[in-house]
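Here are my notes on the model you sent over, as numbered points. Have the structure open while you read.

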Amino acid sequence: MIPTDLKDILGDTYNDYFFNNGRKYSKILESEGILIFNSFINRKGLINLQKEAADLKYLSYQSSSKYNVYVSEYDNSFPDDSPRNRIMSTSKKCLPNDLIPSDSILQTLYNSKAIRSFFMDLLNKKELFPYSDPLSSININYYDKGDALGWHFDNSDFTITLLIKNCEKGGIYEFFNDMRYKDGKEDYNFVEKILDKKVPGTKVKSFEGDLMIFKGNKSIHQVTAVEKGERILVTFNYNEIEGIPLSEESRRTFFGRIK
Ligand SMILES: [Fe+2]
């Protein structure tokens, strides 16, 4: 059952029936690589979340990180400018979980049993757990003018995001669905075409209040630089195994501390 305080801020169609039928969406996620639930949060909820995010922004940590699209170690058997080793970058501000108040709607959403079991059903997971460290379970990400997320594959096989504020220009999510390990190995030629902007990806039009779930470990993706305004995206991060922290390296990079 969805608690009353959540019913008040969820879009009209997101009722108990909806959350009991997550399996219906598994096939779409599998074939499309992405699921978007429009207006998951209603106007009232958005106003609340936008105000909260604005009030907390001064506590966020500015990071700029460099990595290759595989987010793995440099491989010296490839040239520096190869798609395997080429350097991508991300810049954003991030607010870790321990600075999101316990009475925030975001905490209620993340901790709701009904919503978590909906995610488990549609992702075909037996269990989903929070991160064991205090920083990584819910994050509010702020992208100001010039901030961007360079091309990469995720380590996790799914990502759950909630857009609470959209920028006026730029900040577009672009991806290539399910293009990894086609013959059991990486397709460096295709990745090179993507990095050289020779092929266009699927661009996603998203709106404030949309909940998005995508399979980021098989689909290379980026978010283009924000050109005007501010983009605020919440990530709800879960683990299939209990008691797992985010790596210390990632915590240092995105939060500027490990606890
Ligand atoms: Fe990603």
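1. One term before anything else: two residues are in contact if their C-beta atoms, placed from the backbone, lie within 7 Å. With that in hand, look at how far along the chain the contacts reach. Of the contacts in the protein with a separation of 6 or more, 88% are accounted for by residues 24 or more positions apart. Keep in mind throughout that this is a predicted model.

2. Overall build. The protein has eight helices and 13 strands. Its radius of gyration is 18 Å, close to the 18 Å that the globule rule gives for 259 residues, so the protein is as compact as a globular protein of that length. The C-alpha trace spans about 55 × 40 × 40 Å along its principal axes. As for burial, 32% of the 259 residues count as buried.

3. The main core. The largest nonpolar core holds 38 residues, and Ile41, Leu106, Ile140, Leu162, Ile164 and Val234 have the most contacts inside it. Helices and strands both feed this core: α4 (43-56), α5 (105-111), α6 (113-123), β4 (138-143), β6 (159-165), β10 (211-214) and β13 (231-236) give two or more residues each. Val234 is a good residue to click on. Leaving aside residues up to four places away in sequence, Val234 touches Leu106, Ile138, Asn139, Ile140, Thr161, Leu162 and Ile164.

4. The other core. There is also a second, separate core of 10 residues, with Val69, Phe175, Phe176 and Ile194 among them.

5. Helix α4. This helix has 14 residues and reaches 20 Å from its first C-alpha to its last, close to the 20 Å expected at 1.5 Å a residue. Which residues of α4 are buried? They are Gly45, Leu46, Leu49 and Ala53. These cover an arc of only 95 degrees around the axis, which puts them on the same side of α4. It helps to recall that an α-helix has 3.6 residues a turn, so residues three or four places apart point the same way. What covers the buried residues of α4 includes α5, β4, β6 and β13. Turn the helix over and the face away from its buried side carries the exposed residues Arg43, Lys44, Ile47, Lys51 and Asp55. I'd pause at Ile47, a residue on that exposed list.

6. Helix α8. Here Arg251, Phe254 and Phe255 are buried. They cover an arc of only 85 degrees around the axis, which puts them on the same side of α8. The buried residues of α8 pack against β2 (61-67) and β3 (88-95). On the face turned away from the buried side sit the exposed residues Glu249 and Arg252. Why does Arg252 count as exposed? Arg252 has 12 other C-beta atoms within 10 Å, and a residue with 12 or fewer is exposed. If you want a sense of distance, the C-alpha atoms of Arg252 and Pro83 are separated by 26 Å, and these residues are 169 residues apart along the chain.

7. Just past α8. Gly256 lies in the segment after α8 (248-255), and its phi is positive, near 75 degrees. With 14 C-beta neighbours inside 10 Å, Gly256 counts as partly exposed. The C-alpha atoms of Gly256 and Val71 are separated by 19 Å, with their positions 185 residues apart along the chain.

8. Strand β8 and its partners. How does β8 pair with β9? The two pair in the antiparallel sense over three bridges. β8 also pairs with β11 (residues 220-223), again antiparallel, over four bridges. Glu174 makes a handy marker: Glu174 stands opposite Lys203 in β9 and opposite Gln222 in β11.

9. Two loop residues to check by eye. Asp178 is in the loop between β8 (173-176) and α7 (188-195), and Lys197 is in the loop between α7 and β9 (202-204). Neither is glycine, but phi is positive in each: near 45 degrees for Asp178 and near 60 degrees for Lys197. Are they buried or exposed? Asp178 is partly exposed, with 14 other C-beta atoms within 10 Å, while Lys197 is exposed, with 8 other C-beta atoms within 10 Å.

Definitions and conventions. Residues are numbered from 1 along each chain as its sequence is written. This is a predicted model: local features need pLDDT of at least 70, side-chain atom pairs count only at pLDDT 80 or more; totals for chains, interfaces and linings use all residues. A nonpolar core is a set of buried Ala, Val, Leu, Ile, Met, Phe, Trp, Tyr and Cys residues joined through C-beta atoms within 7 Å. A residue is buried if 20 or more other C-beta atoms lie within 10 Å of its own, exposed if 12 or fewer, and partly exposed in between; C-beta atoms are placed from the backbone. The radius of gyration is taken over C-alpha atoms; the globule rule is 2.2 Å times the number of residues to the power 0.38. Two strands pair if DSSP finds at least two bridges between them. The expected span of a helix is 1.5 Å times one less than its number of residues. The arc is that of the directions from the helix axis to the C-beta atoms.
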